[in-house]
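Dear colleague,

Please find the structure below, handed over for your further work. The findings follow directly after it.

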Amino acid sequence: VGAAHLDEVLAILADTMGNCSLDEAEFERERNTVLQEMNIWLDGPWGELEKEIDRTLYQECRYRHPVLGWKEDVEKLTRDRMAAFYRRHYGPQNASLVVVGDIAPAEVFAKAEKFFGTIPAGGLTAQGVAMDPPQKEPKFVELKTGSATDRFTMAFRADRAGSESDLALDVLATLLGDGKTSRLRARLVDREDLAGEDGVTVSNYSRKHEGVFTVQVELALEAAPHKAREAVVEELDALKAKPVGERELRRAKNI
């Protein structure tokens, strides 16, 4: 939005803190939209498996819950319960205002005070997250679906966003799975025909308190799952046993 219209935007944002009508009919429409999003995710090839992995990685921590929530909870949600949640949590104390663009900082602070200064701060939502204790042994979950191909995910609990190990894991994910010359793609797809053309994805998903490092493999038709899993473990062990060469490391950092 143009800087000249900042007042209008701030007025709208301030109005959302305490003045939303939460119309019953609108609530029903939006709930159906959320349920459709959930179904699209769950009907995808990885949806059910990703849901079960989070629930398996964490027994107590709230990271075990999907970002969109559980389908059965959304189905039972009422307008009044949502309104109570809104009144409890939607206040300046739980919000950040970010303004970027061609405007003087002092002017932004003055406008923020004008539009938000009279709104009650509200109670601060608890920021702490109770993490599960370190995981000592592997955990396994297996799902039967109608998919024509087998697939698996290896998931490892990792460090918080912005830590040194988090940044190293970003590079590691690139070394393993980004591009045709990456280690897992070169081995599983090109050399051993264990995975489909786009069947290898490696991700470092970092969050505020703890991240998750995942290797996802969609197997080629007739490929043996245990052979693909063994190949992934061997490549991970190889990275532990021998330093990465300078050229390969530079490529990953450049990406």
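Leu97 counts as partly exposed because its relative accessibility is 38%, in a model that is predicted. The residue sits in the loop between helix H5 (79-89) and helix H6 (105-116). Together with Leu13 and Val99, Leu97 forms a nonpolar patch on the surface, and the accessible area of the three together is about 200 Å².

Gln216, by contrast, has a relative accessibility of 12% and therefore counts as buried, the cut-off being under 20%. Gln216 belongs to strand E3. Its side chain is joined to that of Glu50 by a polar contact of 3.4 Å. Leaving out residues up to four places away in sequence, Gln216 touches Trp46, Glu50, Phe152, Thr153, Gly199, Val200 and Thr201.

As to the interior, the largest nonpolar core has 26 residues, of which Leu184, Leu188, Val202, Val215, Val217 and Val232 touch the most other members. At least two residues of this core are supplied by each of strand E1 (151-157), helix H7 (164-177), helix H8 (183-191), strand E2 (195-205), strand E3 (212-219) and helix H9 (225-241). H9 provides the largest share, with five residues.

Within four places in sequence neighbours are disregarded for Leu184; beyond them, Leu184 is in contact with Leu176, Val189, Val200, Val202, Val215, Val232 and Glu235. Another core, of nine residues, lies apart from the largest one and includes Leu57, Tyr58, Cys61 and Tyr63.

Yours sincerely

Terms used: Residues numbered from 1 in each chain as written. Predicted model: local features only at pLDDT ≥ 70, side-chain atom pairs only at ≥ 80, totals over all residues. Heavy atoms only, no water. Core = buried A, V, L, I, M, F, W, Y, C linked by side-chain atoms within 4.5 Å. Buried < 20%, exposed > 50% of the residue type's maximum accessible area, 1.4 Å probe, protein only. Helix = DSSP H or I, 4+ residues; strand = E, 2+ residues; numbered from the N terminus. Contact = heavy atoms within 4.5 Å. Patch = residues over 30% accessible without salt bridge, like charges linked within 9 Å, V, L, I, M, F, W, Y side chains within 5 Å. Areas by Shrake-Rupley, 256 points an atom, 1.4 Å probe, with all protein chains shown as cover. Salt bridge = Lys/Arg side-chain N within 4 Å of Asp/Glu carboxyl O. Polar contact = N/O pair within 3.5 Å; in protein donor to acceptor, adjacent residues only side chain to side chain.
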